[in-house]
Amino acid sequence: GFLSCCIVVSIPGIMLKTLKLILILRQLDASIGSSNVIKQLLCRKVSTGATRIGMHMNLNSQCKVTVEDCLGKKLEFENSKNILQAVKYNPIKLPVWPVWAGVIAFFADVLKAPKLGEFIIAHIGGRVVPISMTSDQLNLPTATDISPFLLLAHHTHSFTPLDPIRAITKWLLPEGFPAHPHAGFDTVTYCISGGLKHRDSEGFKMSYGDGEVQWMRAGKGMIHEEMWDLDGSEWKHKSIELFQLWVNLPAKEKDQPPFVKLLKPDMMPLIQVSKDIHIRVIAGDVSLQDTNQELLHESGSGLAGSPVSILHVSARLAHSSLCFTTNEENKSIFVYIRRGSLLLNNFNNTIEKEEVLAFNSVVFLPSSKSLKEEKERSFVLQAGENGFDGLVLIGRPLNERVFWRGPFVQSDEEGLYRSARRFETAGGNSAFWEHTLSDEDWRNHCQRLQLQNQMDNMEEP
């Protein structure tokens, strides 16, 4: 009957989404896709006339945010002149690791049971939600910029030794992301549970997870691999959940030497707003306005090359409300819902509240109530019936053009060509290594490669 019809109609969509997942992973984070991008860039005629908007900002300043528990005076905030309007975005949700759980969650969404889908993904995994944070992808006005944020990917996976489909998936995709290059931006990987094994072209190896953050600056260019940390998964269930965020660098910072830093949980302040609300400060400068009108200041890591605040907000109590206030120049405000939901104002007054469920996102923009002369911007997060848990990203736009192709992000087309040429001259495909390579052979490979020395000695056209 109806269910069979839904299944038949949905199968092509699932196949298309799965194929798109494979293409996305291979194009963004697999060495074969990266090699193709390098070849395509080197074969293209490069325009040298690309213009760049001047940068007017102080990179040494932190992206500052003030947070207040506004449950008692929410209407006062919502009616203020500097309040921002929420625009929701429903990103693609791809079934993988394990595919079968992601497919079941997909059908739950089709059958209008998204909370069942959320339960499946939360307890079993099987989904990656990649969000390209550009105005065209987010269906925002053309002039809207979410700079310096580029990409957010939410991974929720599990690996079970008795999963019969795991072997098929493993044949199509390695369990992780084999050696691939990056240049021109930072990657911020925040592990909720489980983690990754990292090896890079500088001969550095690390395993991290369970509340830790890896902050990697690709800078001039580096190669790294990120494979799921699955030690013991041959005989027991292994769950992994993490976010990876790409943050653009200003043009003058893109040729910095690469680095990798590990942030332990105790290096990222945990602000207790109330008994049921807390905020993990991964980056940024946060002030908490308490009931006595006193301010509590906490600062996250100072590793960001662009002014940003990266906050993990958790509100377990239904209808909890938080008001965030930041400077007017911090125009990029993005919220991703990991668990629970958000209740949003509808400024057209067609409905009182609009609920945005898990695995979706919200961008905050100036509303008709906002005045240009206002020096601050405010937005309210109100949790739904089951609370709210998610990421709040606030940034100051770089006001530079973005040229993004695969693993390279530059401020002009010539920069893309230069990045591709560096990796091709350093060895092309031979610069990458197989993820099955032993640590000893991998270290020998890095010593022979000497990637940074090759890049430093390379003559730029």
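W97 is buried in this predicted model, its relative accessibility being 4%. The same status holds for W228, which counts as buried at 4% relative accessibility. Eleven aromatic pairs are present in the structure, and W97 and W228 make up one of them, edge-to-face, with 5.6 Å from centre to centre and 80° between the planes. Because W97 belongs to the loop between β3 and α4 (99-110) while W228 belongs to strand β11 (residues 222-228), this pair ties together parts that lie 131 residues apart in sequence. The two tryptophans also take part in a wider group, as ring pairs link W97, F159, F177 and W228 into a cluster.

A further ring pair brings together F243 and Y336; with centres 5.6 Å apart and planes at 80°, the pair is edge-to-face. Here too, distant parts of the chain are linked: F243 sits in strand β12 (residues 238-248) and Y336 in strand β20 (residues 332-345), 93 residues apart. F243 is buried, with a relative accessibility of 2%, and Y336 is likewise buried, with a relative accessible area of 1%. An aromatic ring also meets a charge in this model: the charged end of R127 sits over the ring of F359, at 4.8 Å from its centre.

Turning to the strands, an open sheet is formed by seven of them, with antiparallel pairing and the order β3-β4-β5-β12-β7-β10-β13. At the edges stand β3 (94-95) and β13 (259-263); each has a single partner strand, so one side of each is left without a neighbour in the sheet. The partnership of β13 with β10 (residues 213-217) is antiparallel and rests on five bridges. Within it, W215 has K261 in β13 as its bridge partner. In a regular strand, side chains alternate between the two faces of the sheet.

Another antiparallel pairing joins strand β14 (residues 270-274) to strand β15 (residues 277-283) through four bridges. These two strands form a hairpin, with two residues between them, and Q272 stands opposite H278 in β15.

Finally, a loop residue offers a contrast to the buried rings. N139 is found in the loop between β4 (127-132) and β5 (149-159). With a relative accessible area of 62%, N139 is exposed. The C-alpha atoms of N139 and V87 are separated by 9.4 Å, and these residues are 52 residues apart along the chain.

Notes
Residues numbered from 1 in each chain as written. Predicted model: local features only at pLDDT ≥ 70, side-chain atom pairs only at ≥ 80, totals over all residues. Heavy atoms only, no water. Pairing = 2+ DSSP bridges. Buried < 20%, exposed > 50% of the residue type's maximum accessible area, 1.4 Å probe, protein only. Phe/Tyr/Trp six-rings, centres within 6.5 Å; stacked < 30°, edge-to-face > 60°. Lys NZ or Arg CZ within 6 Å of the ring centre and 35° of its normal.
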